[in-house]
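Reader: I am new to reading protein structures, and I would like to learn how the words people use are justified. Could we go through one together?

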Amino acid sequence: MSQKQQVILNTPARKVFASQLHNDSIHVDSSNQVWLQGIVVLVSADGNDLFLDDGTGIIQANGVTRIVKDLFIQKGMYVMVAGQLRSSVTITECLPSIRVLKIADLTNNAHSEALWLTEVIHAQLKRSAP
């Protein structure tokens, strides 16, 4: 594993909303990881790419099949995706793109979706506090 890969994996993922990645309202460079949660709205035929809607916007996540082999991602699932921000513009209509480093199905966790908004706001307030 390269030193750059170790830095990426040792850096905690920053909890963000998709809208913040769309309008660059927060600074996230390519070495930082981001963490989003939302509903899967589209999965590619090979299952490697998905589109996630967190209620504030949609992002594209790539490389799912590299990470999980036993999880069948399908439309309508509520998932957590953590990964490296690749760019804010991709071929697919200017959607932020994330290279998946971790993904988890939270569909059966009744409180995940309800708490996510509060978690992101709390993490960002804590991060910006002096």
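**Starting from one residue**

Author: Gladly! Let us begin with Phe17, which sits in the loop between β1 and α2. Keep in mind that this is a predicted model.

Reader: What makes Phe17 count as buried or exposed?

Author: Its relative accessible area is 11%. Buried means under 20%, so Phe17 is buried.

Reader: Which residues does Phe17 touch, leaving aside its neighbours within four places in sequence?

Author: Its contacts are Leu36, Asp54, Thr56, Trp116, Leu117, Val120 and Ile121. A contact here requires heavy atoms within 4.5 Å. You can also look at Asp53: it is 36 residues from Phe17 along the chain, and their C-alpha atoms are separated by 9.6 Å.

Reader: How do you know what the overall layout of the chain is?

Author: Follow the elements along the sequence, and the pattern reads α-β-α-β-β-β-α-β-β-α. That gives four helices and six strands. The chain has 130 residues, and 39% of them count as buried. Among contacts between residues at least 6 apart in sequence, 56% join residues at least 24 apart.

Reader: What makes a group of residues a nonpolar core, and which members of the largest one touch the most others?

Author: The members must be buried residues of nonpolar kinds, such as Ala, Val, Leu or Ile, joined through side-chain atoms within 4.5 Å. The largest core has 20 residues, and Leu36 and Ile103 touch the most other members. At least two residues of this core come from each of α2, β2, β3, β4, β5 and β6. A separate core of seven residues includes Phe17, Tyr78, Ala82 and Leu106. In soluble globular proteins, nonpolar side chains tend to be buried together.

Reader: What is Leu36 in contact with, leaving aside its neighbours within four places in sequence?

Author: The list includes Val16, Phe17, Leu21, Leu52, Ile59, Val81, Ile98 and Trp116.

Reader: Why is β4 called largely enclosed by the rest of the structure?

Author: Count its residues: four of the five are buried, so β4 is largely enclosed.

Reader: How do you know which strands β4 pairs with?

Author: Two strands pair if at least two bridges are found between them. β3 and β4 have five bridges, in the antiparallel sense, while β4 and β6 have three, in the parallel sense. Both pairings therefore satisfy that cut-off. For examples between β3 and β4, Leu52 has Ile59 as its bridge partner, and Leu50 has Ala61. Ala61 is also the bridge partner of Ile98 in β6.

Reader: What can you say about the pairing of β2 and β3?

Author: β2 and β3 pair in the antiparallel sense over four bridges. Within β3, Asp53 stands opposite Ile39. The hairpin of β2 and β3 has five residues between the strands, and Gly47 takes a positive phi near 75° there. In the hairpin of β3 and β4, with four residues between the strands, Gly55 takes a positive phi near 95°.

Reader: Why is the meeting of Glu119 and Lys15 called a salt bridge?

Author: The N to O distance between their side chains is 3.0 Å. A salt bridge needs a side-chain nitrogen of Lys or Arg within 4 Å of a carboxyl oxygen of Asp or Glu, so this pair qualifies. Glu119 is in helix α4 and Lys15 in strand β1, 104 residues apart, and the pair links distant parts of the chain. A search of the whole structure finds one salt bridge. Side chains of opposite charge can pair when their charged atoms come close.

Reader: How do you know which words describe the accessibility of Glu119 and Lys15?

Author: Set each value against the cut-offs: buried is under 20%, exposed is over 50%, and partly exposed is in between. Lys15 has 19%, so Lys15 is buried. Glu119 has 28%, so Glu119 counts as partly exposed.

Reader: What makes Leu125 count as exposed?

Author: Its relative accessibility is 56%, and the cut-off for exposed is over 50%, so the word fits. Leu125 is in helix α4. Together with Leu117 and Ile121, Leu125 forms a nonpolar patch on the surface, with about 290 Å² of accessible area. The protein chain exposes about 7,600 Å², of which carbon and sulfur atoms supply 55%.

Key: Residues numbered from 1 in each chain as written. Predicted model: local features only at pLDDT ≥ 70, side-chain atom pairs only at ≥ 80, totals over all residues. Heavy atoms only, no water. Buried < 20%, exposed > 50% of the residue type's maximum accessible area, 1.4 Å probe, protein only. Areas by Shrake-Rupley, 256 points an atom, 1.4 Å probe, with all protein chains shown as cover. Patch = residues over 30% accessible without salt bridge, like charges linked within 9 Å, V, L, I, M, F, W, Y side chains within 5 Å.
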